[in-house]
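Got the viewer open and a selection box ready? Let's walk through a few spots, one selection at a time.

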Amino acid sequence: MASGSFNLINLNTVNTSANHSTLQADLTDAIELEERIKAYRRGSIEEERFKHFRLTRGVYGQRQLGVHMFRTKLPLGRITSAQLAMMATLSDRYATGNLHLTTRQNIQFHYVKLENTPAIWEALASVGVNAREACGNTVRNITASPFAGIDPEEPFDVSPYALAIYNHFLRNPVCQEMGRKVKMAFSSSVRDTAYGYFHDFGFIPLIQDGIHGFKVVIGGGLGAQAIVAETAFDYLPADQIISFTEAAVRVFDRLGEREKRYKARMKYLVQKLGKDAFLELIQQEMIAVSPVIQPIDTQSWKPAGGPEWTGTSTSGFPSDPAYETWLQTNVYQQKNNNRKAVGIKIRLGDLSSEKALLLAQLIPAYAADDVRITVTQDLLLREVHADALPSLFHDLRSIGLADPGFNTILDVTACPGTDTCNLGVTNSTAISHEIEAHLARRFPLLVTNRDIQIKISGCMNSCGQHMAAQIGLHGSSIKVGERIVPAMQLVLGGGLDPSGVNYIGEKVIKLPTKRILRAFDLILDDYLNHREAVESFNQYYYRTGKKHFYYLLRELAETDSLTEEEFRDWGQPAEYVQAIGVGECAGAALDVIGSIFGDAEQRLTKAVEALEEGYWAGAIYYSYNALVITAKAMLLAKDQHCNTHAGIIEDFQEHYGLTVPFVHYGDFTVLAGAISNEEPTESFALRHYETARAFLHDAHALRQQQLQGHKDQLVITEYYKA
């Protein structure tokens, strides 16, 4: 690794207040979004390019035409009472009056008009929230265990380290348009409660010789092919995690697949190269990442404290069965013995703006002004005084937020499915309601069971994280003659075991959706009647085996005696019709090579801005992007596929490297590869920019000669995803 000077990262209480610099950046994004929308409406920006732009600003197309989903970006799932109130107000004004909490610890609005998104951006900026890189091929929201900072098992609070990673990649040029998204998660202890094992990067806190550090895992993921992350480091000092992740993202940006979307995640690159070869490339990339040692100023991290309680003590309240159940399922012990964490169960993550406003008013009186959204689509209050619990329960119940069963089998997780998502196959929300109601009636004693979690996705892409659940379901279908039956693929044995072991679920059997409740009866009766003492569900599942459950459920899969009701999905009055749209991260379109030169010009403009700010590394990366995009345009003129940056660089040298005018720039693989072989100094930044600018000028002139008055060439978008 190259040595570098020490650079202390200041956290500036991100997501707590809008300081001047972050506010200005957020407002600039809002203005730019408004300008791009106007240009798009005028027809001066192509659909595909505008889609890419709005995705990186959190604006995602819905299943319904003319409206969008707007996703905020909340690192660690942290939200204050003021931010919650603002989001409730915005949802009332611009969306549906609902806040949707996601498994990525974000909040989404649905049915938002495109023209209203800049106003939402501006209002969010006033309370320290943005949506930059909330969607698209970027480094997405940095998630973490909601118990970080209060977990009795944690060696230290991972929050400042996770926020430092968030700050580092926010608006960073290395992650604005990769082949696919990158996800990172920080667990609070060796019990991987943040599910780092199915992320591109997972961080588990450790202390070695008194020094804070992390076990680092890489290349995990769910989706159609679930892969458990591999261990990159058993221990990496905390002051090296930023340089390591940037180097890894740079390698992924250069070598990651871009044409075949289903193979474009980092897990496939790690699988293709092998972990050791991937780590070796990261090591080589370190020369371009400076400084390598980047200490994180944890002293600037000030966890929010809870208010003192002067009200009636716990002993002054009469016994209430509902309160006692709530205490069992929703209240957790913190590191500080006289303080509690309180879970608020939000069914399917849908919180009405009315309830959100009332909750925002309650928070300051009972808890720290630092609420965490959980990966189970719930909320976690922190630093609640033990004597305040009865009053808190009473006030939560008065606004309909005191349901027991937080993070238990009765706390079903589900993505929106066919309600709003283009990729949804079946209705994951309606079946979730049915499952919760059925289990509450049929298995009331399981209300306190935290061993079994149920997660549902509307399709195989696993937004509901079904592969990480003891019992998971994803949307599917079964063809019966000329008709189609809505179905769910049943997945068993995933998730976090009480012992701390992580599992990826196994696909067991596909069943019609209307038979899923009977499947739950068979599964749970079998488990409860035949388990050994203190045997968890996963332990029982892996002891008995996949075949045991397949044969247990096989009769439910038979389609000879289907009723008319079973041809309708849950919550749908008419017969099921499969209508799968195109996801926002895929799809083909037409474009012109001239527009691709325009993309290169935009990167050079960004490079100039970075040079003016003295941001040498950013200027170098923007200049590198301009070189690669220019080379891509010229290759597309010869109908060459462009599916990775590395492929573009090699192919350009082969097809153009020895021809005029490009021969004057030397070997293009050396020119483009300089970004990984030189330190990010001012002189290199200036030289690389001037080279990229001249290169684009010469390429554009050659292209004009090639056209000789003819119209520019149309190409398929799938050819230039790189």
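Start by selecting Glu154 and expanding to what it touches: leaving out residues up to four places away in sequence, you should pick up Phe147, Ala148, Gly149, Ser188, Ser189 and Lys335. Keep in mind as you click around that this is a predicted model. Glu154 sits in the loop between strand S6 (139-144) and helix H5 (159-169), and it counts as buried because its relative accessible area is 8%, under the 20% cut-off. Now show side chains for Glu154 and Lys335: a polar contact of 2.7 Å joins them.

Next, select Arg104, in the loop between strand S4 (98-101) and strand S5 (107-112). What is the nearest side chain of opposite charge to this buried residue? It's Asp200, 7.3 Å away, and Arg104 has no salt bridge. What you will find is His199, whose side chain makes a polar contact of 2.7 Å with the side chain of Arg104. Setting aside neighbours within four places in sequence, the contacts of Arg104 are Asn141, Thr143, Lys183, Met184 and His199.

Time for salt bridges; the whole structure has 35 of them. Pick Arg339 and Glu308, which pair up at 3.5 Å, N to O. Arg339 belongs to strand S12 (residues 339-344) and Glu308 to the loop between helix H8 (275-285) and helix H9 (321-330), so this bridge ties together parts 31 residues apart in sequence. Colour by accessibility here: Arg339 is buried at 5%, whereas Glu308 is exposed at 64%.

Then jump to Glu436 and Lys345, where the closest N and O atoms of the salt bridge are 3.7 Å apart. Glu436 is in helix H12 (residues 428-442) and Lys345 in the loop between S12 and strand S13 (350-352), so parts 91 residues apart in sequence are tied together. Glu436 is buried at 5%, and Lys345 is buried at 7%.

One more pair: Asp370 and Arg372 form a salt bridge at 2.8 Å, N to O. Asp370 is buried at 5% relative accessibility, and Arg372 is buried at 0%. For a network, select Asp26, Asp29, Lys73, Arg132, Glu133 and Arg171, which are joined by salt bridges that share partners.

Last stop: show helix H13 (residues 516-530) and helix H14 (residues 537-544) as cartoons. Their axes are 11 Å apart and the packing angle is about 95°, so the two helices H13 and H14 are roughly perpendicular. Add sticks for Ile523, Asp526, Tyr527 and His530 in H13, which meet Phe537, Tyr540 and Arg543 in H14.

Definitions and conventions: Residues are numbered from 1 along each chain as its sequence is written. This is a predicted model: local features need pLDDT of at least 70, side-chain atom pairs count only at pLDDT 80 or more; totals for chains, interfaces and linings use all residues. Side-chain values use heavy atoms; hydrogens and water are left out. Helices (H or I, at least four residues) and strands (E, at least two) are DSSP runs, numbered from the N terminus. Buried means under 20% relative accessible area, exposed over 50%, partly exposed in between (1.4 Å probe, protein chains only). Lys and Arg count as positive and Asp and Glu as negative; His and the chain ends are not counted. A salt bridge is a side-chain nitrogen of Lys or Arg within 4 Å of a carboxyl oxygen of Asp or Glu. A polar contact is a pair of N or O atoms within 3.5 Å; within protein, one must be able to donate a hydrogen and the other to accept it, and residues adjacent in sequence count only if both atoms are side-chain atoms. Contact means heavy atoms within 4.5 Å. Axes are lines fitted to C-alpha atoms, for helices over the stretch in contact, and angles run from 0 to 180 degrees between N-to-C directions. Angles under 35 degrees count as roughly parallel, over 145 as roughly antiparallel, 65 to 115 as roughly perpendicular and the rest as oblique.
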